[in-house]
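Colleague: Before we discuss the fold, could you place the sequence and the structure before us?

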Amino acid sequence: MSTPIPAPETDAAKRVLPPRPKAAALVALSFTLLLYLVELVDVILPGDLDQGGIHSRELSGLDGVLFAPVLHAGWSHLFANTVPVLLFSFLAMAAGIGRFALVTAIIWVVSGLGVWLIGPANAVTVGASGLAFGWLAYLLVRGIFNRAAGQILVAVVLLGVWSGMLAGLLPGNPGVSWQGHVFGALAGVLAAWLTSRRSRKAVPAAAGSLEA
């Protein structure tokens, strides 16, 4: 008699909600609180932390790729990003916090480099909206790459609720970095594709069997 061996990596990749929701909520909340703490420090200190953001096509401003997502151009900017950051980061932890860290790293670096390459000259780009767009794009397409009906259903709901965010992908809105949004979204799609390939490779090519 033969019994198929389950594929835990594939099953984990198809989850809709985090396996440890309390831990995932704590991570999402902690990151959001970090954004508020940084903004508070920026308000209190005499210097301008936002100058540590991305200075496009300037080598001295390349380190802004690392710092820009935690900096914001005022409280209203941060308030606008708060709910997307909380919700999308929480849902993006469905495959575990380790997978979320990988996805976030891809989005963080790719979106930042995209802004550095084609962002506006003589301007500093800051904000977590690139991350938010990246997580949203990741959530929208992961179900397709993972062939997971539940994830596709979540994507449809998110698209219905947050469709207004898609306008941020278009140029023309003064003071809004459409470059960060576009490259964040592209990075989210890339992260979904790369992590889905990783999950499939983790599953043995042959199912294997147990004989009795």
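Modeller: The questions below concern a predicted model and take up its pocket, its aromatic pairs, its nonpolar cores and one residue of a helix.

Colleague: Which residues lie nearest the centre of the largest pocket?

Modeller: The largest pocket holds about 420 Å³ of space. Its lining is made up of 21 residues, and the elements that give two or more of them are α4 (75–91), β2 (124–125), α6 (129–146) and α8 (178–202). Nearest the centre are His77, Val126, Gly175, Val176 and Ser177.

Colleague: How many residues of that lining are nonpolar, polar and charged?

Modeller: Glycine is counted with the polar residues here, and Gly175 is one of the residues nearest the centre of the pocket. On that basis the lining divides into 9 nonpolar, 11 polar and 1 charged.

Colleague: Is the aromatic pair of Trp75 and Phe79 stacked or edge-to-face?

Modeller: Trp75 and Phe79 are 4 residues apart in helix α4, so about one helical turn separates them. Their ring centres are 6.2 Å apart, with 25° between the planes. Because planes under 30 degrees apart count as stacked, the pair of Trp75 and Phe79 is stacked.

Colleague: Is Trp75 buried, partly exposed or exposed?

Modeller: The relative accessibility of Trp75 is 32%. Buried requires under 20% and exposed over 50%, so Trp75 counts as partly exposed.

Colleague: Which residues form one aromatic cluster?

Modeller: The whole structure contains 7 aromatic pairs. Phe31 and Trp135 are among the residues with the most contacts inside the largest nonpolar core. One aromatic cluster consists of Phe31, Phe100, Trp108 and Trp135.

Colleague: Which element gives the largest share of the largest nonpolar core?

Modeller: In soluble globular proteins, nonpolar side chains tend to be buried together. The largest nonpolar core here has 35 residues, and α2 (21–44), α4, α5 (97–118), α6, α7 (149–162) and α8 each supply at least two of them. The largest share, 8 residues, comes from α6.

Colleague: Which residues does Leu139 touch, not counting those up to four places away in sequence?

Modeller: Leu139 is among the residues with the most contacts inside the largest core. Beyond four places in sequence, Leu139 touches Phe88, Leu91, Ala92, Gln151, Ala155 and Leu158.

Colleague: Is Asn146 buried or exposed?

Modeller: Asn146 lies in helix α6. Apart from neighbours within four places in sequence, Asn146 is in contact with Ala13, Lys14, Gln151 and Ser196. Its relative accessible area is 14%; since the limit is under 20%, Asn146 is buried.

How values were computed:
Residues are numbered from 1 along each chain as its sequence is written. This is a predicted model: local features need pLDDT of at least 70, side-chain atom pairs count only at pLDDT 80 or more; totals for chains, interfaces and linings use all residues. Side-chain values use heavy atoms; hydrogens and water are left out. On a 1 Å grid over the protein atoms alone, a cavity is a set of points where a 1.4 Å probe fits but cannot get out, and a pocket is an open set with protein on both sides within 12 Å along at least five of seven lines; lining residues have an atom within 4 Å of a point. Grid points are joined across faces, edges and corners, and a volume is the space filled by probe spheres set on the points. Rings of Phe, Tyr and Trp (its six-membered ring) pair if their centres lie within 6.5 Å; planes under 30 degrees apart count as stacked, over 60 as edge-to-face and the rest as tilted. Buried means under 20% relative accessible area, exposed over 50%, partly exposed in between (1.4 Å probe, protein chains only). A nonpolar core is a set of buried Ala, Val, Leu, Ile, Met, Phe, Trp, Tyr and Cys residues joined through side-chain atoms within 4.5 Å. Contact means heavy atoms within 4.5 Å.
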